[in-house]
Amino acid sequence: MTATHVPGLPVIEDNQLISTNPATGEEAGRVPAADEQAVRAAVERAKEAAAWWQGLGWDGRRTRLLRWRSLLVERIDELAELTRLESGKPVNDGLIEITAAVEHLDWAARHAKKVLGPRRMRTRLLLAEHVGHLEYQPFGVVGVIGPWNYPIVTPIGPISGALAAGNAVVFKPSEYTPVVGQWLVDTFAEIVPEQPVLQAVHGLGDIGGALCRSGVGKVSFTGSTATGKKVMAACAENLVPVVIEAGGKDALIVDFDADVRAAAEAAVWGSMTNAGQTCIGIERVYAVAPVYDAFVAAVVEKAGKLRTGEEIGPITMPRQLDIIRDHIEDALAKGGRAVLGGADAVQAPYVAPTVFVDVPEDSSEIREETFGPTLTITRVSDVDEAISKANDSPYGLGGSVFGKKNAVRAARRLRSGMVAVNGTLTFVGMGNLPFGGVGESGFGRIHGEDGLREFARPKAITVRRAKSLLPAMTFERTPAQVRQIVKALRLLYGRKP
Ligand code: NDP
């Protein structure tokens, strides 16, 4: 390590990417740094590996993926410890993250054949003598670009979907968590030693850019909205399709008939878990007037018990501390009141739990992704005002509603890809539900059936099964035959419903 090394800040030395613990500066490990040529070479190798992997068939791939799943379970403690070492994440948070990752891997492995396997389609009037077939073909090689905040579950979502669909994957982990990324690739290679079906390429942002331009069939990106736009622009050069899983500013609504203590517990966990470095973390609460005071008191009581350095780990990325500090200062300058934490909350590399009230809607603490253990609570007159304020954001990733009578209706009206009712972040733990956002939170889906289809191209095939009685799509049809077709059309589709 160099003398100028900052804890948590990755460096490249002698073509090695070195990552360190953000709290202690302890080295987490080193991996070979790639250049553009190495990325292209990895993608070329992956093309061959993809053909071999496809040759294993649905059942062969399922078995291998389930074996990898079991290996992750077997070595869960080792992986959680490595994640703590590299990102500072508390081990218990790491264990829960791996649990969610295993769920997605298991679901994708077990359901790929059913969701993507070939099927016969019903004949339609115009082509009654043909039968239709629909199948979902893999892209070949999928590039996966991942963030550091959940270095296991975020990449495993697209990786498991892409692999189960029959693709090979080239994975660019975040420069902050390359060692965890390499661990995933190495353990997969223990289960699939024959071919490099899953590879990692390491480096800084330019290596992600190189992956977009390397000849991959699709890119799945998870990270900030700003980088997502760069990824999309790079992919646009060759019309490479993309999935963008980007940032968020998720809101939690507390309605008049909510269980206030349960809502407070969920708001604290949803906003402070992983030190607030969660894309679907709760950053804003809108609580209706009758329950507002009790809710604020319960949040302060519960968040006040969290210990910095224990439940609240360090901020993984050093420059994020400046953003969190700016948001706190802006909230205070604009008239917000800190009922917990506040002005001195940022003590690098930690941020103490901070809860604000009365923060104006135009402050950065309300409008921009903070990505720290801070929460704003705003009093609203009713659930309509709560929804309108929650939706007044360029982001739209997840969200949460606490209440009884109107909760599910309110959940539908939130402009976001996912909502938990009387819970928070829960949708990320269900392998059969799609995950993704709207607006500046991105588009496309990982997880569930939609997440599998994201990594395959639908292919339509028609096969003639008989001679045409009423030929339509040929110059050899007669005017009488066309009239007969129109007659049949009137009979079948002409009646008004
Ligand atoms: P970044 O956008 O900084 O980085 C994400 C990945 O993109 C990293 O691997 C990064 O590499 C790479 N990258 C950087 N520049 C480029 C480029 N020009 N072209 C291609 N790839 C590039 O995000 P963070 O890692 O800081 O992650 C935090 C963000 O991720 C938050 O906004 C969070 O909300 C979001 N997120 C979204 C999730 C979702 O599912 N919607 C889930 C988890 C996080 P490098 O690290 O080397 O710079």
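Here are legends for a handful of close-ups of this predicted model.

**View 1. D255, a buried acid without a salt bridge.** D255 sits in the loop that runs between strand 11 (250-254) and helix 9 (260-272). Where is the nearest side chain of opposite charge? That's K405, 7.8 Å away, and a salt bridge needs nitrogen and oxygen within 4 Å. Leaving aside residues up to four places away in sequence, D255 touches V288, V291, V383, F402, G403 and N406.

**View 2. Helix 11 and what its buried residues pack against.** Helix 11 covers residues 320-333, and its 14 residues should span 20 Å at 1.5 Å a residue; the end C-alpha atoms are 20 Å apart, so the two agree. Its buried residues are Q320, L321, I324, H327, I328, D330 and A331. They pack against helix 12 (364-367) and several strands, including strand 16 (354-357) and strand 17 (374-380). Just past the helix, G335 takes a positive phi of about 105°.

**View 3. A salt bridge inside helix 11, D322 to R325.** The closest N and O atoms of this pair are 3.1 Å apart. D322 and R325 are three residues apart, about one turn of the helix. An α-helix has 3.6 residues a turn, so residues three or four places apart point the same way. Both partners are partly exposed: D322 has a relative accessible area of 43%, and R325 comes in at 31%.

**View 4. R75 and E190, a salt bridge between distant parts of the sequence.** The two side chains meet at 3.2 Å, N to O. R75 lies in the loop between helix 2 (57-74) and helix 3 (76-87), while E190 belongs to helix 6 (residues 178-191), so the pair ties together parts 115 residues apart in sequence. R75 is partly exposed, with a relative accessible area of 23%.

**View 5. K249 and E283, a buried pair.** Here the salt bridge is 2.5 Å, N to O. K249 is in the loop between strand 10 (242-245) and strand 11, and E283 is in strand 12 (residues 282-288), so this pair links parts 34 residues apart in sequence. Both K249 and E283 are buried. For context, the structure holds 25 salt bridges, and R69, D106 and R110 are linked in a network of them.

**View 6. A nonpolar surface patch that includes L491.** L489, L491, L492 and Y493 make up the patch, with about 450 Å² of accessible area together. L491 lies in helix 16 (residues 479-493). With a relative accessible area of 69%, L491 is exposed.

Notes
Residues numbered from 1 in each chain as written. Predicted model: local features only at pLDDT ≥ 70, side-chain atom pairs only at ≥ 80, totals over all residues. Heavy atoms only, no water. Helix = DSSP H or I, 4+ residues; strand = E, 2+ residues; numbered from the N terminus. Buried < 20%, exposed > 50% of the residue type's maximum accessible area, 1.4 Å probe, protein only. Lys, Arg positive; Asp, Glu negative; His and termini not counted. Contact = heavy atoms within 4.5 Å. Expected span 1.5 Å × (residues − 1). Patch = residues over 30% accessible without salt bridge, like charges linked within 9 Å, V, L, I, M, F, W, Y side chains within 5 Å. Areas by Shrake-Rupley, 256 points an atom, 1.4 Å probe, with all protein chains shown as cover.
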